[in-house]
Amino acid sequence: MYILAGIVIGAVIGERRAAKRGGNALDRAQYAAAHGIALGLVGLFLTIALNRLG
């Protein structure tokens, strides 16, 4: 659940950051993908940590 939330939130953040910098559609897609992957990994580690603690 945290992984999916991280991907979606990261994609939204990345798209908005690229739009703010004046990027075209491909720039927005690349930023969204990169941020989505990064926050998805954070969500993965969070999920693993919570499963080991509980």
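# Helix faces, a salt bridge and a nonpolar patch

Visitor: Where is Ile 37 found?
Guide: Ile 37 sits in helix H2 of this predicted model.

Visitor: Why is Ile 37 called exposed?
Guide: Its relative accessible area is 57%, and exposed means over 50%, so Ile 37 earns the word.

Visitor: Which nonpolar patch does Ile 37 belong to?
Guide: Happy to show you! Ile 37 joins Ile 3, Ile 7, Leu 41, Leu 44, Phe 45 and Ile 48 in a nonpolar surface patch, whose accessible area together is about 620 Å². Both H1 and H2 supply at least two residues each, and H2 gives the most, with five.

Visitor: What makes Arg 28 and Glu 15 a salt bridge?
Guide: Their closest N and O atoms are 3.6 Å apart. The cut-off is a side-chain nitrogen of Lys or Arg within 4 Å of a carboxyl oxygen of Asp or Glu, so the pair qualifies. Arg 28 lies in helix H2 (residues 25-53) and Glu 15 in helix H1 (residues 2-20), 13 residues apart, so the pair links distant parts of the chain. By this rule, the count comes to one salt bridge.

Visitor: Why are Arg 28 and Glu 15 called partly exposed?
Guide: Arg 28 has a relative accessible area of 33%, and Glu 15 has 29%. Partly exposed is what falls between under 20% for buried and over 50% for exposed, so both residues take that label.

Visitor: How do you know that the span of H1 agrees with what is expected?
Guide: At 1.5 Å a residue, the 19 residues of H1 should span 27 Å. The end C-alpha atoms of H1 are 27 Å apart, so the two values agree.

Visitor: What makes the buried residues of H1 line one face?
Guide: Those residues are Gly 6, Gly 10, Gly 14 and Ala 18. Seen down the axis of H1, they fall within an arc of 85°, so one face of the helix holds them. What covers them includes H2. On the face turned away from this buried side, H1 carries the exposed residues Leu 4, Arg 16 and Lys 20.

Visitor: Which residue with a positive phi follows H1?
Guide: That is Gly 22, with a phi near 85°.

Visitor: Why is Leu 53 called exposed?
Guide: Leu 53, placed in helix H2, has a relative accessible area of 74%. The cut-off for exposed is over 50%, so the name fits Leu 53. From C-alpha to C-alpha, Leu 53 and His 35 are 27 Å apart in space, with their positions 18 residues apart in sequence counted as their separation.

How values were computed. Residues numbered from 1 in each chain as written. Predicted model: local features only at pLDDT ≥ 70, side-chain atom pairs only at ≥ 80, totals over all residues. Heavy atoms only, no water. Helix = DSSP H or I, 4+ residues; strand = E, 2+ residues; numbered from the N terminus. Buried < 20%, exposed > 50% of the residue type's maximum accessible area, 1.4 Å probe, protein only. Expected span 1.5 Å × (residues − 1). Arc of directions from axis to C-beta. Contact = heavy atoms within 4.5 Å. Patch = residues over 30% accessible without salt bridge, like charges linked within 9 Å, V, L, I, M, F, W, Y side chains within 5 Å. Areas by Shrake-Rupley, 256 points an atom, 1.4 Å probe, with all protein chains shown as cover.
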